[in-house]
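Here is a report on a two-chain model. It starts with one helix and then widens to the chains, their contact and the shared core.

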Amino acid sequence: MATIDKKVEKEEFLLDEKTLREIETMKGAGQWSIVWRRIKKDKMGMLGLYIVLFLIMMALVSWILLLVDDWLTNANLLLGDPNNPASLNNLYIELWYPGMDTSNPIVLFQHPRYQFADQSTLPPSWEHPFGTDRLGQDMLSRVFFGASVSLALGFIGQMTTVIIGTVLGSIAGFYGGIVDNVLQRVIEILYSMPGFILMIFIIVLFEDVKIPGGKYAVVIVFFSLIGWGGTALIIRSNFFSLKEQDFVEAERALGASDMRIIFRHILPNSLAPLIIIITLGIANVIFTFAALAFFGFGDPNAISWGDDLNKWQNNLLDYPWMPMFPALFIFFTVLGFNLLGDSLRDALDPRLKD
Amino acid sequence: MSLKGYIVKRVIYIVPVMLGITLLNFTLINVSPGDPVLVRLGLLKCETPECYNTAYNKEAIQMGLLNNEMYTVPWFERYVDFVNDLLHFDLGRSWYNTQAGLGIPISQLISERAVYTITLNILSFIFSLLLATAIGVVSATRQNSIWDRSLTVAMLLGYSMPLFWLAKLLMLLSYSLFNFTGVANKDAFKTPLFLNPNFYKYLILPTLALTLGGLVFMARLVRSQLLEILRQDYVTTAKAKGLDNRAVVYKHAFRNGLLPIVTIIGNSLPGLLSGSVMVESVFGWPGLGTLFLEGALFRDYPLMMATNTIFPLLFLIARLLTDITYVFIDPRIKY
């Protein structure tokens with residue numbers, strides 16, 4: 001009898017070679033390296049990661065280039081008058097390093113703000129790969145420099161939303177009671193209002209507010225004030241289940257303060273859902289802001305994909321390249337963050353995997 | 001408690017939420033900078049300051065900001081007034097939509113326009129639900145087949161496509177194929193509406209866009225729910241006792257998967273309503289969404305206030321209906 005039992009036991013734990021190798025490589029690896037391995041295996045997730053990394057690079061490079069160009073122009077390092085919009089150093093993005101001839105810097109491409117009246121509505125060509133718009137601005141330059149504003153809006157909007165949601169959700173989940181009750185009612189009310197419509201309502205009402213950062217700063221403030229409900233609910237339920245766990249109980253028995261329990265134990269354990277919320281949320285925020293801009297509630301002076309889309313949306317039938325490229329980039333951004341978010345969710349929480 | 005009692009309780013529950021919503025709207029209007037009277041007066045040209053002041057005071061009294069003795073009315077009195085008017089279906093007069101110099105009553109505007117929004121939304125909701133179910137079942141039962149993969153990729157692409165842009169692309173496609181942009185014009189809305197063939201012609205593209213928008217969201221959901229359930233033991237049992245595949249999917253798996261699907265769809269209805277605003281505006285469909293957007297662009301405060309109360313109300317009613325359908329889907333639910 002005993003030998004048969006042993007045999008069955010052996011049989012049950014016999015794993016195929018591939019799984020064994022996988023276990024061998026994962027031995028001693030931290031949680032994050034396991035997650036990274038899982039993402040690396042997911043082709044769609046990697047595609048999303050590449051798209052996101054590419055867009056972040058693009059946003060950073062365009063932001064830095066614009067800063068450098070502004071600085072060069074204003075510091076009078078280049079020939080030409082900084083106050084004259086038609087002057088050469090205002091029309092192009094240039095690079096210049098000390099020792100170079102000031103009259104002949106490296107010209108990269110057209111400045112997104114300056115218009116060449118004789119070059120309007122040109123179809124995509126070698127000189128203007130994305131064509132030019134009605135004002136004679138180079139679409140490639142507009143799209144390239146629009147990345148920084150569009151992505152920054154997504155990041156800042158989602159981060160503020162998540163921070164507010166996490167703080168309120170943690171308080172409600174940890175202390176419960178009346179705070180939790182009030183919070184739930186507030187979320188109930190905020191959730192009953194279609195967010196897009198409420199945002200438009202607020203933007204119109206607060207159009208005249210002047211705060212540093214322009215119109216989009218107002219939009220972000222209100223977006224995070226009304227958008228934190230979802231995060232708060234998830235964090236709250238996470239806190240509810242975690243605070244009953246044995247390790248929290250043990251820590252409490254050792255005399256740890258509430259703050260220590262929250263920041264050292266419960267919050268780090270809620271990191272996985274937070275990362276998923278942030279990645280998938282950025283896609284949603286970029287989409288919402290693009291939609292707001294599309295319907296004319298953006299900042300017409302900003303260089304962003306949504307605002308360009310708004311300006312040229314009615315030219316889709318006659319000059320399709322004008323609205324098509326900003327729209328394409330919004331689409332790729334949302335797609336990249338969705339792919340990455342889905343893959344992160346599968347990697348961080350394999351139970352959810354379908 | 002009986003089903004009737006449950007429904008009554010849920011209907012009563014709407015009241016505090018609506019109060020909260022109106023209070024939020026009201027507070028937002030009140031704390032916003034700028035004087036609504038100045039917005040209302042707009043570019044009023046007056047030769048003398050007296051003329052301007054009279055116009056200002058008259059407007060302020062009409063808006064209920066000042067009483068007849070020229071004292072400022074406290075905000076809670078105005079709020080009570082507002083709610084009182086709301087209960088009598090008196091939503092005030094529009095600033096932007098005027099007829100013979102006088103604003104059209106908003107309740108009249110809304111009752112005229114609501115039929116368009118409701119037709120569009122119900123039609124596309126039914127279509128997207130049916131299509132999403134079909135796509136979800138096909139994907140889940142043939143997991144990792146070429147069908148499943150291509151459908152999943154298509155859904156993902158659609159999910160990442162902004163809805164307003166999808167509507168625009170549909171317009172472009174239809175224009176290049178049939179030379180028809182689908183932008184609604186007057187002869188689409190001649191009465192009798194539902195016997196007018198033009199109405200249906202102009203309904204096609206907005207319905208298609210809104211259907212696609214809801215579909216990509218729901219199909220993902222149906223697929224993942226169904227996949228989870230097909231892995232359960234009772235499905236294996238059903239297969240083992242020799243039931244054919246169709247019966248397993250529709251009788252055993254799908255019914256059990258419905259509940260979470262209905263929950264998430266019920267919660268996502270505000271998103272679908274927002275989508276309806278976008279699609280309506282792109283195709284010039286004269287529903288509540290277009291009314292709201294026009295009002296917002298021209299800073300028509302009473303109209304925005306009214307639509308911002310109507311949309312949550314529509315959503316709450318829709319959610320009430322989803323909650324009631326639970327009872328029919330799942331006999332275990334106690335109410």
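Helix 10 of chain B is kinked by about 45 degrees, with the kink centred on Phe254(B). The bend at a residue is the angle between axes fitted to the seven residues ending there and the seven starting there. Helices (H or I, at least four residues) and strands (E, at least two) are DSSP runs, numbered from the N terminus. This is a predicted model, in which local features need pLDDT of at least 70, side-chain atom pairs count only at pLDDT 80 or more, and totals for chains, interfaces and linings use all residues. Residues are numbered from 1 along each chain as its sequence is written, while chains are lettered from A and ligands numbered from 1 in the order in which they are written.

**The kinked helix and a second helix**

The table sets helix 10 of chain B beside helix 4 of chain A. The expected span is 1.5 Å times one less than the number of residues.

| Helix | Residues | Number of residues | First to last C-alpha | Expected span |
|---|---|---|---|---|
| Helix 10 of chain B | 245-267 | 23 residues | 31 Å | 33 Å |
| Helix 4 of chain A | 43-74 | 32 residues | 46 Å | 46 Å |

Phe254(B), at the centre of the kink, is one of the buried residues of helix 10 of chain B. The others are Val248(B), Val249(B), Ala253(B), Gly257(B), Ile261(B) and Ile265(B). A residue is buried if 20 or more other C-beta atoms lie within 10 Å of its own, exposed if 12 or fewer, and partly exposed in between, with C-beta atoms placed from the backbone. The buried residues of helix 10 of chain B pack against helix 5 (106-141), helix 8 (197-230), helix 9 (233-240) and helix 13 (301-329) of chain B. Contact requires C-beta atoms, placed from the backbone, to lie within 7 Å.

In helix 4 of chain A, the buried residues include Gly45(A), Gly48(A), Val52(A) and Leu55(A). Asp69(A) and Thr73(A) are also among them.

**The two chains**

Chain A has 15 helices and two strands. Chain B has 13 helices and two strands. Of the 354 residues of chain A, 38% count as buried. For the 335 residues of chain B, the figure is 32%. The C-alpha trace of chain B spans about 90 × 60 × 40 Å along its principal axes.

Contacts were also sorted by sequence separation. In chain A, residues 24 or more positions apart account for 62% of the contacts with a separation of 6 or more. In chain B, 66% of contacts between residues at least 6 apart join residues at least 24 apart.

**Two places in chain A**

Helix 14 (residues 305-312) of chain A is mostly covered, with eight of its eight residues buried. Charged names appear there: Asp307(A), Asp308(A) and Lys311(A) are among the buried residues. Trp305(A) and Trp312(A) are buried too. This helix packs its buried residues against helix 6 (139-175), helix 13 and helix 15 of chain A.

Leu242(A) belongs to helix 10 (residues 229-242) of chain A. Leu242(A) counts as partly exposed because 18 other C-beta atoms lie within 10 Å. Leaving aside neighbours within four places in sequence, Leu242(A) is in contact with Val248(A), Ile266(A) and Asn269(A). Its C-alpha atom is separated by 25 Å from that of Tyr191(A), 51 residues apart along the chain.

**Where the chains meet**

The contact takes 33 residues from chain A and 39 residues from chain B. On the chain A side, helix 7 (177-192), helix 8 (195-205), helix 13 (271-294) and helix 15 (321-348) each supply at least two residues. Helix 8 of chain A gives the largest share, nine residues. By class, this side has 25 nonpolar, five polar and three charged residues. Here Ala, Val, Leu, Ile, Met, Phe, Trp, Tyr, Cys and Pro count as nonpolar, Asp, Glu, Lys and Arg as charged, and the others, Gly among them, as polar.

The largest nonpolar core has 139 residues. Such a core is a set of buried Ala, Val, Leu, Ile, Met, Phe, Trp, Tyr and Cys residues joined through C-beta atoms within 7 Å. Ile197(A), Ile286(A), Ala290(A), Ala291(A), Leu292(A) and Ala167(B) touch the most other members. Helix 15 of chain A supplies the largest share of this core, 15 residues. Leaving aside neighbours within four places in sequence, Ala291(A) is in contact with Phe196(A), Pro162(B), Phe164(B) and Met278(B).

**Confidence**

The complex has an ipTM of 0.83 and a pTM of 0.84 from the predictor. pLDDT is the predictor's confidence in each residue, from 0 to 100. Chain A averages 80, and 84% of the residues score at least 70. Its lowest mean is 51, in helix 1 (residues 2-12) of chain A, and its highest is 89, in helix 6 of chain A. Where pLDDT is low, the predicted coordinates should not be read in detail. Chain B has a mean of 81, with 98% of its residues at 70 or more.

Technical notes
Two residues are in contact if their C-beta atoms, placed from the backbone, lie within 7 Å.
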